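Biologist: Please take me through this structure step by step, and give the reasoning behind each answer so that a first-year student can follow.

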Amino acid sequence: MTHAIIEDLTQRYTAKKYNPSKKVSPEDLAVLLEALRLSASSINSQPWKFIVIESDEAKQRMHDSFAEKFQFNQPHIKACSHIILFANKICYTKQDYDVVINQSIADNRMSPENRAMAAGAYSFVESSQDAQGNHTEWTRAQTYIALGNALHTLARLKIDSTTMEGIDNKLLKEIFAQELDGYECHVALAIGYHDDKDDYNFGQPKSRLAKEQVIHVI
Ligand SMILES: Cc1cc2nc3c(=O)[nH]c(=O)nc-3n(C[C@H](O)[C@H](O)[C@H](O)COP(=O)(O)O)c2cc1C
């Protein structure tokens with residue numbers, strides 16, 4: 001199939017070694033961050049925070065978070081250009097949703113008379129509440145929508161990336177306590193440009209299950 005979208009999705013791949021001398025431009029980074037902000041989420045809740053790790057100091061802390069596990073992802077941290085932590089809110093309150101509704105009114109998407117009706121959508125959140133009164137399963141799911149959006153945006157920008165679920169969310173909570181503050185992080189994304197010689201994944205053929213195995217038109 002020939003289509004620009006299919007070309008993007010065929011060309012993108014998970015980088016396994018980065019060239020530390022090539023950094024993502026501020027212009028491209030701004031496009032990625034705007035794409036993240038524009039991501040869709042259930043009831044437009046946006047129960048996320050995208051923490052952009054850029055400075056050497058923050059990269060060192062991220063590097064340190066691999067002290068106990070998932071060391072295979074650690075080399076990316078100092079070699080890549082940036083790392084994005086996809087953080088999801090632990091407890092998504094009615095007040096959090098009020099902020100979304102207020103924004104919706106300010107953006108002329110919703111009229112103030114519909115505020116009460118809109119607030120009713122919060123029942124979606126309540127139905128996913130766990131025994132501790134938290135909503136992590138639901139908020140975490142939303143961050144993966146932003147992740148998918150990021151992967152396609154990066155493909156279009158010809159920026160390489162490595163999705164990392166192999167991160168230590170407990171250590172991250174301690175090391176980035178100030179930044180996470182009420183959020184947790186289960187998935188991160190390294191971005192940058194691959195090493196021409198040593199990235200064993202570069203140039204590999206794409207491998208996916210056949211259409212008949214995953215698409216069922218009924
Ligand atoms: C949610 C998620 C978590 C992943 N975690 C890791 C990871 O921790 N380390 C890694 O090297 N790759 C990780 N990957 C990359 C996948 O292995 C990769 O996307 C998959 O094999 C398909 O290959 P492709 O991305 O090159 O098309 C992850 C991908 C996703 C979507």
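Biologist: How does Phe 70 count: buried, partly exposed or exposed?

Modeller: This is a predicted model, and in it Phe 70 has a relative accessible area of 29%. Buried would need a value under 20%, and exposed would need one over 50%. Since 29% falls between these limits, Phe 70 counts as partly exposed.

Biologist: How does Phe 72 count by those limits: buried, partly exposed or exposed?

Modeller: The relative accessible area of Phe 72 is 59%. Because a value over 50% is what the class requires, Phe 72 counts as exposed.

Biologist: What kind of aromatic pair do Phe 70 and Phe 72 form?

Modeller: The structure holds five aromatic pairs, and one of them joins Phe 70 and Phe 72, with the ring centres 6.1 Å apart and 90 degrees between the planes. A pair of aromatic rings is described by these two quantities, the distance of the centres and the angle of the planes. Because planes over 60 degrees apart belong to this class, the pair of Phe 70 and Phe 72 is edge-to-face.

Biologist: Which residues do ring pairs link into a cluster?

Modeller: A cluster arises here where ring pairs link residues to one another. Its members are Trp 48, Phe 50 and Phe 86.

Biologist: Let us turn to the whole protein. What share of its residues count as buried?

Modeller: The protein has eleven helices and four strands, and its C-alpha atoms fill a box of roughly 60 × 45 × 35 Å along the principal axes. There are 218 residues in the protein, and the share that count as buried is 42%.

Biologist: Which annotation does the UniProt record give for residues 10-193?

Modeller: In the model, the span of residues 10-193 is 46% helix and 16% strand, and its end C-alpha atoms lie 17 Å apart. The name for this span comes from an unreviewed UniProt entry, which annotates it as "domain: Nitroreductase".

Biologist: Which element gives the largest share of the shell around the ligand?

Modeller: The ligand is surrounded by 14 residues, and the closest are Arg 12, Thr 14, Lys 16, Lys 206 and Arg 208. By class, this shell has four nonpolar, five polar and five charged residues. The largest share, three residues, comes from residues 160-164, which form strand β3.

Biologist: How much of the ligand's accessible area does the protein cover?

Modeller: Contacts come first: a ligand oxygen is 2.5 Å from an N or O atom in the side chain of Lys 206, while another contact sets a ligand oxygen 3.0 Å from a polar backbone atom of Gly 166. In addition, a ligand nitrogen lies 3.1 Å from a polar backbone atom of Glu 165. On its own the ligand has 620 Å² of accessible area, and the share of this that the protein covers is 66%.

Biologist: What is the relative accessibility of Asn 108?

Modeller: Asn 108 is not a glycine, although it has a positive phi of about 60 degrees. It is placed in the loop between α5 (94-106) and α6 (115-119). Asn 108 counts as exposed, because its value is over 50%, namely 70%.

Biologist: Where does Lys 158 lie?

Modeller: Lys 158, which is not a glycine, has a positive phi of about 60 degrees. With a relative accessible area of 61%, Lys 158 is exposed. Its place is the loop between α8 (136-157) and β3.

Biologist: How far apart are the C-alpha atoms of Leu 180 and Leu 85?

Modeller: Leu 180 belongs to helix α10 (residues 177-180), and with a relative accessible area of 1% it is buried. Along the chain, Leu 180 and Leu 85 are 95 residues apart, whereas their C-alpha atoms are separated by 9.4 Å.

Biologist: What is the C-alpha to C-alpha distance between Glu 7 and Arg 156?

Modeller: Glu 7 is part of helix α1 (residues 4-11), and at 46% relative accessibility Glu 7 counts as partly exposed. In sequence Glu 7 and Arg 156 are 149 residues apart, but in space the distance is 9.1 Å.

Conventions: Residues are numbered from 1 along each chain as its sequence is written. This is a predicted model: local features need pLDDT of at least 70, side-chain atom pairs count only at pLDDT 80 or more; totals for chains, interfaces and linings use all residues. Side-chain values use heavy atoms; hydrogens and water are left out. A residue is near a molecule or strand if one of its heavy atoms lies within 4 Å of it. A polar contact is a pair of N or O atoms within 3.5 Å; within protein, one must be able to donate a hydrogen and the other to accept it, and residues adjacent in sequence count only if both atoms are side-chain atoms. Accessible areas come from the Shrake-Rupley method with a 1.4 Å probe; for residues, only the protein chains shown count as cover. Helices (H or I, at least four residues) and strands (E, at least two) are DSSP runs, numbered from the N terminus. Ala, Val, Leu, Ile, Met, Phe, Trp, Tyr, Cys and Pro count as nonpolar, Asp, Glu, Lys and Arg as charged, and the others, Gly among them, as polar. UniProt positions are given in the numbering used here, feature names are shortened, and annotations may be inferred rather than shown by experiment. Rings of Phe, Tyr and Trp (its six-membered ring) pair if their centres lie within 6.5 Å; planes under 30 degrees apart count as stacked, over 60 as edge-to-face and the rest as tilted. Buried means under 20% relative accessible area, exposed over 50%, partly exposed in between (1.4 Å probe, protein chains only).
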